[in-house]
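Visitor: Could you take me through one part of this model up close? I'd like to hear about the main pocket and whatever helps to place it in the chain.

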Amino acid sequence: MTVNLDISSMFAEYFSFTAEVVVHAPGRVNLIGDHTDYNDGFVLPAAINFGTDIAARNRNDDLVRVVAVDCDNEIECFELSNIQFSDTSMWSNYVRGTILSLLNVYPDLHGVDLMVKGNVPQGAGLSSSASFEIAIVKALAELNQLPINGIQAALIAQSAERDFVGCNCGIMDQLVSACGIQGHAMLLDCDSLAYEHAPIPDGLSLVIVNTNVKRTLVDSEYNLRREQCEAVASHFKVKALRDVTLEQLQSEHSVLPAVLYRRARHVISENTRTINAHSALANKDMKTMSRLMQESHHSLRDDFEVSTPELNFLVEIINKVLGNKGGVRMTGGGFGGCVVALTPTELVLSTVRAVEEHYQKEYGLEPSIYQCSAKNGAFA
Ligand code: GLA
């Protein structure tokens with residue numbers, strides 16, 4: 001609430017008139033199910049208490065002005081009739097792309113003044129960009145009373161990211177930022193976009209530890225993984241790996257190149273783990289959850305090869321603290337970023353201490369530790 005009040009007074013001070021709407025969209029953490037969304041599979045993310053705030057007011061012309069508080073109040077202006085990719089202001093491309101996607105569905109929008117402020121750590125794999133896009137959709141939907149639901153908002157935001165910004169992502173990040181529910185994780189079927197929520201049991205905290213390693217090769221390696229998955233899907237003549245079983249895959253072991261075989265084995269087994277993790281969470285079965293998170297991490301590390309030594313190290317030391325009372329794994333796209341630990345409240349302090357004691361000593365980098373909770377999405 002404080003953050004919202006803050007941004008509306010900053011808006012008033014900057015523009016000398018008041019905002020009509022103030023909105024918020026959260027980032028996300030994925031509990032299990034990584035690199036499955038673009039294979040039409042299953043994911044189990046939660047929206048978190050870090051996000052993007054936007055204050056906005058409609059204009060009478062077709063100009064968009066957007067001020068980024070986090071970039072020293074840098075301002076970008078463009079016309080709705082001429083939205084171009086900016087080579088000089090990357091952050092503004094999220095606004096340009098999202099508004100262009102909205103215009104494809106609602107061509108009568110008019111110009112708008114926007115002020116943006118966010119606290120999702122950037123480049124950490126916690127979906128700062130999805131939270132930005134969903135906040136823009138929400139602001140324009142409220143300003144113009146557009147009949148947009150959470151799924152439509154997610155599709156509009158995803159198309160901005162894919163077709164305008166140029167990152168060929170799945171639907172997970174945008175959908176949970178729009179439709180997550182406080183205190184719950186969301187099992188999402190990325191093919192039908194049906195979802196159901198599972199309460200995160202009382203007494204468990206979401207501890208997220210950022211390796212603070214600068215992520216490299218993210219886009220090229222992400223796209224390569226997608227191509228490898230698509231190659232196996234087309235080998236089996238199906239739309240996506242979602243439709244291949246482990247038995248079918250095993251029967252082609254001698255035919256498929258070893259790397260493709262391992263990539264597909266990750267995706268297919270991760271789908272099963274994710275569905276099982278949803279039941280484990282619903283049944284408060286931490287022992288099973290712990291095992292599934294560990295298997296997921298190993299599969300991402302060995303078969304999908306998107307983990308890093310720093311992520312593996314954090315998982316190892318946190319696992320020692322949690323045993324089977326909690327679970328820990330790398331989260332998101334990988335190549336740096338964060339681990340997520342479902343941690344019993346009484347073990348939070350020892351988890352933090354273990355990370356503080358060992359990580360910096362090993363890698364010379366200070367980790368960031370966020371104690372998070374699951375929040376409502378912008379369209380919940
Ligand atoms: C990134 C993408 C998501 C998803 C994850 C990996 O966060 O934006 O769509 O593919 O990586 O699970």
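Guide: Here's a walk through the pocket, then the two domains, and then a helix and the loop before it. Keep in mind that this is a predicted model.

Let's start with the space itself. The largest pocket holds about 1,100 Å³, and 47 residues line it. Nearest its centre you'll find Tyr 94, Gly 123, Ser 128, Ser 129 and Glu 161. As for which elements give two or more residues to that lining, they are helices H2 (90-105), H3 (128-144), H4 (150-165), H5 (172-179) and H6 (218-235), plus strand S6 (112-118). H3 gives the most, with 5 residues. If you're thinking about chemistry, the lining splits into 21 nonpolar, 17 polar and 9 charged residues.

One residue in the loop between S6 and H3 deserves a look, and that's Ser 127. Its phi is near 65°, a positive value in a residue other than glycine. Ser 127 counts as buried because its relative accessibility is 9%, and the cut-off for buried is under 20%.

Now for the domains. The chain is divided into domain 1 (6-196) and domain 2 (201-372), and the pocket lining takes at least three residues from each of them. Their C-alpha centres are 26 Å apart. Across the divide, 33 residues of domain 1 are in contact with 42 residues of domain 2.

Next, hop over to helix H9, which runs over residues 286-302. H9 has 17 residues and reaches 24 Å from first C-alpha to last, close to the 24 Å expected at 1.5 Å a residue. Its buried residues are Met 286, Met 289, Ser 290, Leu 292, Met 293, Ser 296, His 297, Ser 299 and Leu 300. What covers them includes helices H8 (258-282) and H10 (309-322), along with strands S9 (204-210), S10 (327-331) and S11 (338-344).

Finally, there's the loop between H8 and H9, where Lys 284 sits. Lys 284 isn't a glycine, yet it has a positive phi of about 55°. With a relative accessible area of 61%, Lys 284 is exposed, since the cut-off for that is over 50%. Asp 285 belongs to the loop between H8 and H9 too, but its 29% relative accessibility makes it partly exposed. Asp 285 and Pro 201 are 84 residues apart in sequence, while their C-alpha atoms are 9.4 Å apart in space.

How values were computed:
Residues numbered from 1 in each chain as written. Predicted model: local features only at pLDDT ≥ 70, side-chain atom pairs only at ≥ 80, totals over all residues. Heavy atoms only, no water. Helix = DSSP H or I, 4+ residues; strand = E, 2+ residues; numbered from the N terminus. Expected span 1.5 Å × (residues − 1). Buried < 20%, exposed > 50% of the residue type's maximum accessible area, 1.4 Å probe, protein only. Contact = heavy atoms within 4.5 Å. 1 Å grid on protein atoms, 1.4 Å probe; cavity = no way out; pocket = protein on both sides within 12 Å on 5 of 7 lines; lining within 4 Å. Points joined across faces, edges and corners; volume = space filled by probe spheres on them. Nonpolar A, V, L, I, M, F, W, Y, C, P; charged D, E, K, R; others polar. Domains from an automatic or database assignment.
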